[in-house]
Amino acid sequence: MRFPEDVPTLTDDVVTLRAHTVADIRPAYDVCQDPEMQRWTTIPVPYERQHAEQYLTEFIPAGWREGSSWAWAIEYDGRYAGTIDLRPQDGNVGEVGFAVAPWARGNGVMTRALQLTVGHAFEQGWDRVIWRAYVGNWGSRRVAWKCGFRNLVMIPAGGVARGVRKDEWVASIARDDDPQPQGHWWKVPLIETDGVRLRALRSTDAKRLTEACNDERTLEWLAGLPKPYQLEDAEGFIESRLENLASGEGVTWAIADPDTDDLLGCVSVFDLTNRIDKTMGEVGYWAHPEARGRGVMSTAVRCVIGHSFTPVEDGGLGRRRLVLFAAEGNTASQRVAEVNGFTGTGVARAASPARDGGFRNLHGFDLLRTDAGVP
Ligand SMILES: CC(C)(COP(=O)(O)OP(=O)(O)OC[C@H]1O[C@@H](n2cnc3c(N)ncnc32)[C@H](O)[C@@H]1OP(=O)(O)O)[C@@H](O)C(=O)NCCC(=O)NCCS
């Protein structure tokens with residue numbers, strides 16, 4: 001291919017992908033000063049003007065001529081807004097890479113650019129396009145998810161940037177795949193009612209979360225928690241909630257005091273991608289010792305039930321059935337289920353591992369969307 005004559009222009013009338021020109025050197029250099037750009041890509045740091053010159057006037061034209069990489073300038077709002085490239089590999093499979101200028105982010109630019117690029121790759125005979133990103137690059141992951149990339153896996157130390165190995169996410173889309181999001185990427189809606197606020201967990205909740213999970217009663221009934229429960233455990237839990245949402249697996253709320261915003265407890269609906277029943281969810285919770293005995297959890301669970309049974313198109317989780325389990329002897333937890341209209345489904349014998357190495361009986365409960373009294 002000749003550069004720039006043979007570079008195809010791709011457009012959806014909002015975003016245009018075209019051949020780079022020397023006028024893009026300056027804005028490309030500016031984009032590469034962005035700390036996010038340096039964190040999530042392999043560009044040299046510090047990034048100097050000569051790097052941009054070399055990339056645009058040597059590397060990119062050579063890529064087109066030799067067929068080793070096809071890089072387009074992304075034009076948005078009449079300006080250079082970033083670069084996206086396809087790197088063909090053997091066997092009709094290749095990889096995609098992209099970056100957009102900070103000023104253009106959050107406008108759907110990269111989603112559009114990726115849709116155009118993937119469509120072009122399949123027109124050119126590719127069978128599969130692979131996307132890779134360092135773990136934690138949620139913006140990139142969401143763009144890939146929106147464009148239908150799927151079967152995401154995490155490869156420990158799978159990536160490398162400037163000589164340092166990094167954990168990496170990898171996902172792909174095949175020619176015949178529907179280019180639509182696969183599975184849910186849940187949000188954590190803010191719910192305020194009857195003296196209780198349900199909101200997303202934040203890093204500032206880690207201290208109260210550690211207190212709550214170091215409490216003897218919490219540790220007794222939630223035998224899977226590390227003992228002692230450290231600040232790092234709390235931070236890891238808070239951090240892992242994003243993965244939970246993005247994978248469609250579950251939603252966790254902080255239960256907060258509406259006046260002080262202090263953490264009173266935690267409530268989750270999880271197992272939302274259950275292999276056998278994708279319409280169910282399991283409710284789980286714990287309360288900070290200071291918040292117990294005043295109906296906080298019963299109210300919080302009522303809110304979660306409402307959100308769980310709300311159809312997906314109305315912003316809810318679209319659940320048909322909720323389940324809840326409490327170990328024998330955990331009266332307070334069983335009470336929360338009962339006051340919220342759950343029906344006891346029986347006792348599973350020796351089903352709940354205890355901290356002393358033994359097993360307790362486990363009381364099961366369920367609630368159907370069609371049950372009387374469910375709003
Ligand atoms: C990642 C990046 C390409 C996203 O570009 P963008 O044009 O802002 O993406 P879009 O506007 O198409 O956003 C798509 C979705 O991702 C969401 N998103 C964007 N950044 C996000 C972030 N940091 N965290 C969570 N979601 C994010 C957007 O809200 C949007 O979702 P919505 O439509 O449901 O609101 C851009 O932030 C970037 O260039 N980052 C630095 C370089 C980089 O990381 N490249 C990818 C290397 S693998």
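Here are three short exercises on this predicted model, each with a worked solution.

Before you start: residues are numbered from 1 along each chain as its sequence is written. Local features need pLDDT of at least 70 and side-chain atom pairs pLDDT 80 or more, totals for chains, interfaces and linings use all residues, and side-chain values use heavy atoms, with hydrogens and water left out.

**Exercise 1. Find how far helix H3 reaches, and where it kinks.**

Step 1: H3 is a DSSP run (H or I, at least four residues; strands are E, at least two), numbered from the N terminus. It covers residues 49–66, which is 18 residues.
Step 2: The expected span is 1.5 Å times one less than the number of residues. That gives 26 Å, and H3 comes close, with 25 Å from its first C-alpha to its last.
Step 3: Now look at Tyr 55, where a kink of about 35° is centred. The bend is the angle between axes fitted to the seven residues ending there and the seven starting there.

**Exercise 2. Work out which H3 residues are buried and what covers them.**

Step 1: Buried means under 20% relative accessible area (exposed is over 50%, partly exposed in between; 1.4 Å probe, protein chains only). His 51, Ala 52, Leu 56, Ile 60, Pro 61, Gly 63 and Trp 64 pass that test.
Step 2: Their cover includes helix H1 (25–31) and strand S3 (70–76).

**Exercise 3. Find the ligand's polar partners at Phe 98 and Gly 106.**

Step 1: Start with the backbone of Phe 98: a polar atom there sits 2.7 Å from a ligand nitrogen.
Step 2: Move to Gly 106, where a polar backbone atom is 2.8 Å from a ligand oxygen.

Conventions:
Contact means heavy atoms within 4.5 Å. A polar contact is a pair of N or O atoms within 3.5 Å; within protein, one must be able to donate a hydrogen and the other to accept it, and residues adjacent in sequence count only if both atoms are side-chain atoms.
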